[in-house]
Every structure is written in structure tokens, then in C-alpha cells.
Amino acid sequence: MYYLCSIGSNIEPIHHVNRVIGELLEQFGRLTLSSAIRTQPVGMVSQNEFINCLFVIHSPHPREELKRRFIQLELAHGRDRGDPACKIRDRPLDIDILACDEAGHF
């Protein structure tokens, strides 16, 4: 299965985005990566800009297992997912699965 995913960070974003790209390459061997862009926070109050990018990976893992792996990466980068407000707080790393497709047609 091919997965279209996003990476976002607004706490030391250059460090965390660069580091997680390397970690994803180690885990999956290959990925297709978009250019990175700077964006303003949406749905939260923060002075910190985000760096965001998209990537596509091919993985034999089901969506739930892949998300579990992404959460482990977020935690390793210092994200506090136990905080009930974690979706509206600054974060060192956020990785989301946006879509999946057997042929990778995104």
C-alpha cells in the first residue's frame, strides 16, 4: 500500500523535520518527498511558524500499524500526546496519514 503523509513541526522545526526524514528513510528505505514550506499555525494560538512537507511511502503495514510507528517517532521527538490539548499546542513533530492507495495515484 502507498501512503500519502504529512510532517509538521513548529518547535525547532528544521532540526525535527530533517531528523525524522532520516529516520523514515531508515525504517522504509525509500520515500518521495515534497518541498518544505513555512506556514502559520491554524486552529491554535502560537507565535511559532510550522515547517510542513508531504511524503509518500510504500509499506506492507496496515494503516493502524503505520500510524503507531509514526506516533512512536513523535514521542521520540518529545511530543506529549498524553496532554488532552496536544492538538492545539506547539509540537516538535506531527506525522499524519492523509490518504492511501494500492497503486500510489495521488
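The following paragraphs lead through a predicted model, from its first helix and strands to its nonpolar core and its salt bridges.

The helix α1 is a convenient starting point. It comprises 16 residues, numbers 13-28. At 1.5 Å a residue, a helix with this number of residues should span 22 Å, and the end C-alpha atoms of α1 are indeed 22 Å apart, so the expected and computed lengths agree. Immediately after α1 comes G29, whose phi is positive, near 80°.

One may next ask which residues of α1 are buried. They are P13, H16, V17, V20, I21, E23, L24 and F28. The cover over these residues comes from several parts of the chain, including the strands β1 (2-9), β2 (32-33), β4 (50-58) and β5 (94-101), together with the helix α2 (63-76).

Among the strands that cover α1 is β1, which is itself mostly covered, with 7 of its 8 residues buried. Strand β1 pairs with β4 in the antiparallel sense, over 8 bridges. Within that pairing, G8 has N52 of β4 as its bridge partner. Strand β1 also runs antiparallel to β5, to which 7 bridges join it. Here I7 is matched with I95 of β5. In general, the side chains of a regular strand alternate between the two faces of the sheet.

These elements meet again in the largest nonpolar core, which holds 19 residues. Those that touch the most other members are I7, L24, F55, I57 and F70. At least two residues of this core are supplied by each of β1, α1, β4, α2 and β5. The largest share, 5 residues, is that of α1. The surroundings of F70 illustrate how these parts come together: leaving aside residues up to four places away in sequence, F70 touches C5, L24, F28, F55, I57, I95 and I97. Of these contacts, L24 and F28 are buried residues of α1, while I95 is the residue of β5 that forms a bridge with I7.

Charged side chains form the last part of this account. The structure holds 10 salt bridges. One network of such bridges links E74, R79, R81, R91 and D94. Within it, E74 and R79 form a salt bridge in which the closest N and O atoms are 3.5 Å apart. Are these two residues buried or exposed? E74 has a relative accessible area of 0%, so it is buried. R79, at 6% relative accessibility, therefore also counts as buried, given that the cut-off for this class is under 20%.

R79 has a second partner in D94, the N to O distance being 3.0 Å. This pair links distant parts of the chain: D94 lies in strand β5, whereas R79 lies in the loop between α2 and β5, and the two are 15 residues apart. Both D94 and R79 are buried.

A further salt bridge joins D83 and R89, with the closest N and O atoms 2.6 Å apart. The two partners fall into separate classes of accessibility. D83 has a relative accessible area of 19% and is therefore buried, since the limit is under 20%. R89 stands at 45%, so it counts as partly exposed, a class that extends from the buried limit up to 50%.

Notes: Residues are numbered from 1 along each chain as its sequence is written. This is a predicted model: local features need pLDDT of at least 70, side-chain atom pairs count only at pLDDT 80 or more; totals for chains, interfaces and linings use all residues. Side-chain values use heavy atoms; hydrogens and water are left out. Helices (H or I, at least four residues) and strands (E, at least two) are DSSP runs, numbered from the N terminus. The expected span of a helix is 1.5 Å times one less than its number of residues. Buried means under 20% relative accessible area, exposed over 50%, partly exposed in between (1.4 Å probe, protein chains only). Contact means heavy atoms within 4.5 Å. A nonpolar core is a set of buried Ala, Val, Leu, Ile, Met, Phe, Trp, Tyr and Cys residues joined through side-chain atoms within 4.5 Å. A salt bridge is a side-chain nitrogen of Lys or Arg within 4 Å of a carboxyl oxygen of Asp or Glu. Two strands pair if DSSP finds at least two bridges between them.
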